[in-house]
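Q: I am new to this structure. How should I start reading it?
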Amino acid sequence: MKDTERGAVLVEASIYFPLVICTVIAMIYLGLFQMQEAALSYVAERVALEASRGEAYLGYHVLGMNQGRNVDFAWDGGVPSKETVTSYYEAYHACIGDLYREVGMLAEMIGGSGSRETVYESKYATAVTAVTLLSLGHITPPEVEIDRGFFSSSVTVTITHTLPVPKVVSYLGISDSKFAIETRATKQIVNPGEFVRNVDLAADLLDGLMEKLGVSENYHEFLNKTKDIVNKILG
């Protein structure tokens, strides 16, 4: 190889090698960001699941339910004691806003604090640290928001991790000094047993009201015609 060719190779290497190294490092950083986002998404989904389950089955935590990965409890061949049942009902009726959505919504409208949200945020404050891959920057504890709707309720969990952007990443066109990873998970608060009981109670209440008004026969005739129409539509 001639000296001129060696010089050309040296010049090309001095140009391409830094670009290749910077690109590889940038890809590693971006891959770590993606892995961190997946880890935070898992935590957000898990916290939202357990919080929604806790809201759906109020008071059951005193019986050992919603602990870890368990979704039920066993009595080990016995039945709960009187003290255990009493503690369950005390926990179940601890907050009237949790039992009646209208009261909870009114409390939020007048500026009431979300005590239940604070309980969950304190319980899962350190859950993020167990899966954190990057210790750089600032990571927020899970922020829990309970939306108590008139017909349905839900739990939303948000986690934000703010990371400093390495200088090498600026070569890819990212000029911001910080990079924020935000993950959010939403779960519906559903208690099938309580829903069925409430529907039956509403149906019985409506039947009693129609009977008091003296239009019970017309009401049931209307329901039967409605059922026939629905059955014909569904085939």
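A: Start with confidence. This is a predicted model, and its elements are not equally reliable by score: helix H4 (residues 101–109) has the lowest mean pLDDT, 56, while strand E3 (residues 153–164) has the highest, 87. Where pLDDT is low, the predicted coordinates should not be read in detail.

Q: What does the protein average in pLDDT?
A: The average is 75, and 72% of the residues score at least 70.

Q: Is threonine 160 buried or exposed?
A: Relative accessibility decides this, and buried means under 20%. Threonine 160, found in strand E3, has 19% and therefore counts as buried. Setting aside neighbours within four places in sequence, threonine 160 is in contact with His138, Ile139, Thr140, Ile181 and Glu182.

Q: Why does tyrosine 16 count as exposed?
A: The cut-off for exposed is over 50%. Tyrosine 16 counts as exposed because its relative accessibility is 52%. Tyrosine 16 lies in helix H1 (residues 3–56) and belongs to a nonpolar surface patch, whose members include Val11, Phe17 and Ile28. Together the residues of the patch have about 960 Å² of accessible area.

Q: Where is asparagine 191?
A: Look in the loop between strand E4 (178–189) and helix H6 (192–213). With 15% relative accessibility, asparagine 191 counts as buried.

Q: Which residues does asparagine 191 touch, not counting those up to four places away in sequence?
A: Sequence distance and distance in space are separate readings. Asparagine 191 touches Ala56 and Tyr57. Arginine 53 is 138 residues from asparagine 191 in sequence, yet the two are 8.4 Å apart in space, C-alpha to C-alpha.

Conventions:
Residues numbered from 1 in each chain as written. Predicted model: local features only at pLDDT ≥ 70, side-chain atom pairs only at ≥ 80, totals over all residues. Heavy atoms only, no water. Patch = residues over 30% accessible without salt bridge, like charges linked within 9 Å, V, L, I, M, F, W, Y side chains within 5 Å. Areas by Shrake-Rupley, 256 points an atom, 1.4 Å probe, with all protein chains shown as cover. Salt bridge = Lys/Arg side-chain N within 4 Å of Asp/Glu carboxyl O. Helix = DSSP H or I, 4+ residues; strand = E, 2+ residues; numbered from the N terminus. Buried < 20%, exposed > 50% of the residue type's maximum accessible area, 1.4 Å probe, protein only. pLDDT = per-residue confidence, 0-100. Contact = heavy atoms within 4.5 Å.
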